[in-house]
Amino acid sequence: MVITGEIKQDTVAYADFEKFENQVVTIKGTIHNIRMMSDFAFVIVRTARETVQCVYAEEFSDYRMSEDVKEECAAKVTGKVVAGETKDGGKRYELQIHNIELLSHPADIPPVVITKKQVNCDLSTNLDYRPVTLRNPKERAVFKLQEGIQRGFREYLTKQGFTEIHSPKINFAGAEGGTNVFKLDYFGKKVFLAQSPQLYKQALVAVYERVFEIAPVFRAEHHDTSRHLNEYVSMDFEMGFIEGFEDIMNMETGVLKYIMELLRTEYANEVALLKVDLPVITEIPCIKFMDAKELLMKKFKYKPSDMKDFDPEEEQLLGKYAKKELGSDFLFVTHYPSKKRPFYTMDDPADPEYTLSFDLLFRGLEITSGGQRVHDYNAQVEKMKSLGMNPEEFETYLMLHKYGAPPHGGLGLGLERLTMHLLGAKNVREATMFPRDINRVTP
Ligand code: ATP
Ligand code: MG
């Protein structure tokens, strides 16, 4: 046996069919669907990214399809590539079957129908059978698209000189805070699951200047909402030597433009299949928090229940306003009240009641929180004390400030939330492969 690192490739991908028109090729995939017609049959093969229409008819070869060929069999299908037309006049290729070699047989038929355009069961059943329902072309396209988002985030930031990091997810008591942290017994010690990479990515700004992380974070959300998960993927970045928090918003706008362009060009199949309405971004408008509150009260006659934050309905109204009046799917809301932002947020020197922070709303849903952080040691210690925190519990974190940190800031962008609103989905679970919520830890 010789292992060289090269894998023998005797099959072709649908994307390369054009090169093989009228030639005999072999593809590998799963028998997705068989539709018997009077004197021929459609055998739809689900390959890694596309479904390929194969046609079985006795006239094509001596091969005779047996009863063993069933849906969800893994197979190699050999046949002649022929070009046909799609309904809208585009070119599409199919395979005239010369042979089917079965590689595996399912022990049972799928518990839900996955061969239709859509998985037609309720969300809960869909999630119960995720390993199967994800095989449906539309379902899997959601997460291919999600891959594109992460890829865009990673590619763009890498090009901008960011270093990819991984921060620990098991953290010592007192590292973060709030009510929504998961407690864990760690060899008899109480520790917490990370709610965000915040404290670590800040430490690394003094090391690499610009860092990013794409990783799961954990929130003990006690409520069952359509926008909260207990484990979600956070796309975070943090950058040093900023002139102001506008640099962070500019970087995010650049990232989003790059992501949308990547989806438009390299994920066109998924975008079309899911009928994704990709936002066109030229610039993203900004509104100050208090101006937004005023707008909600005056323009929409909304009576806010909380003057320090927005509720989901307010976010939706702001989304409508941004679309209708400013022609934008996105809206930055800046200068959130100090009282509602975490201890590491820098207050606005011009008005310390407010912060140099922002949220990004996408089609009326918060997808990002970010801002400039406190970098001065004394300022951070003072701020902690004024919030009733004990700086001694944050010794490791404060090493950043104590031993010198550049002015910096960053953000966290929820991957599932962004995916959800790109799809126009009503529930964040639709944009999560294996969601973890208050009622679900399986599959
Ligand atoms: P919300 O107010 O909607 O509960 P948050 O302000 O608590 O969110 P942040 O701590 O600002 O959330 O987190 C940054 C981003 O992470 C959010 O803008 C959102 O995209 C995402 N996010 C936060 N919590 C969740 C969650 N429980 N499930 C999925 N995504 C989340
Ligand atoms: Mg937030």
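## Exercises on a predicted model

Strand E11 and strand E18 (residues 408–414) are joined by 7 bridges and run antiparallel. Keep that pair in view as you work through the exercises; the model is a predicted one.

**Exercise 1. Find the neighbours of strand E11, and decide whether the strand is mostly covered or open.**

Step 1. Start on the E18 side, where Asp236 has Gly412 as its bridge partner.

Step 2. Now turn to strand E10 (residues 210–218), which is joined to E11 by 9 bridges, again in the antiparallel sense. Here Ala215 is matched with Ser234 of E11.

Step 3. Check the cover. A residue counts as buried when its relative accessible area is under 20%. In strand E11 (residues 231–240), 8 of the 10 residues are buried, so the strand is mostly covered.

**Exercise 2. Place E11 in its sheet and name the edge strands.**

Step 1. Write down the order: E6-E10-E11-E18-E17-E16-E13-E12, an open sheet of 8 strands with mixed pairing.

Step 2. Look at the two ends of that order. Strand E6 (163–164) and strand E12 (286–288) are the edge strands, as each pairs on one side only.

Step 3. Try one more pair inside the sheet. Strand E16 (residues 357–362) and strand E17 (residues 365–372) are antiparallel, with 6 bridges between them. In this pair, Phe358 faces Gly370 of E17.

A reminder to go with this exercise: strands of a sheet pair through backbone hydrogen bonds, in either a parallel or an antiparallel way.

**Exercise 3. Leave E11 by the loop that follows, and find a residue with an unusual phi; then find another one elsewhere.**

Step 1. Recall what to expect: most residues other than glycine have a negative phi.

Step 2. In the loop between E11 and helix H5 (246–266) you meet Phe241. Phe241 is not a glycine, yet its phi is positive, at about 55°.

Step 3. Move to the loop between strand E13 (330–334) and strand E14 (347–348), where His335 sits. The phi of His335 is also positive, near 60°.

Step 4. Are these residues buried or exposed? Phe241 counts as exposed because its relative accessibility is 56%. His335 counts as buried because its value is 14%.

**Exercise 4. Locate a cis peptide bond.**

Step 1. The usual case is trans, as for most peptide bonds.

Step 2. Go to the segment after helix H11 (415–423), which holds Pro443. The bond from Thr442 to Pro443 is cis, and its omega is near -10°.

**Exercise 5. Search the surface for a charged patch and a nonpolar patch.**

Step 1. For positive charge, pick out Arg35, Lys87, Arg92, Lys117 and Lys275, which form a surface patch together. One of them, Arg92, lies in strand E5 (residues 91–104). Arg92 counts as partly exposed because its relative accessibility is 34%.

Step 2. For the nonpolar patch, select Ile170, Leu184, Tyr186 and Phe187, which make up about 430 Å² of surface. Ile170 belongs to strand E7 (residues 170–172). With 42% relative accessibility, Ile170 is therefore partly exposed.

**Exercise 6. Step back and describe the whole chain.**

Step 1. Count the elements: the protein chain has 11 helices and 18 strands.

Step 2. Add the dimensions: the C-alpha trace spans about 85 × 60 × 40 Å along its principal axes.

Step 3. Finish with the cover: 50% of the 443 residues count as buried.

Definitions and conventions:
Residues are numbered from 1 along each chain as its sequence is written. Chains are lettered from A and ligands numbered from 1 in the order in which they are written. This is a predicted model: local features need pLDDT of at least 70, side-chain atom pairs count only at pLDDT 80 or more; totals for chains, interfaces and linings use all residues. Side-chain values use heavy atoms; hydrogens and water are left out. Patches are made of residues with over 30% relative accessible area and no salt bridge: like charges are joined within 9 Å, nonpolar side chains (Val, Leu, Ile, Met, Phe, Trp, Tyr) within 5 Å. Accessible areas come from the Shrake-Rupley method with a 1.4 Å probe; for residues, only the protein chains shown count as cover. A salt bridge is a side-chain nitrogen of Lys or Arg within 4 Å of a carboxyl oxygen of Asp or Glu. Lys and Arg count as positive and Asp and Glu as negative; His and the chain ends are not counted. The place of a charge is taken as NZ of Lys, CZ of Arg, CG of Asp or CD of Glu. Helices (H or I, at least four residues) and strands (E, at least two) are DSSP runs, numbered from the N terminus. Buried means under 20% relative accessible area, exposed over 50%, partly exposed in between (1.4 Å probe, protein chains only). Two strands pair if DSSP finds at least two bridges between them.
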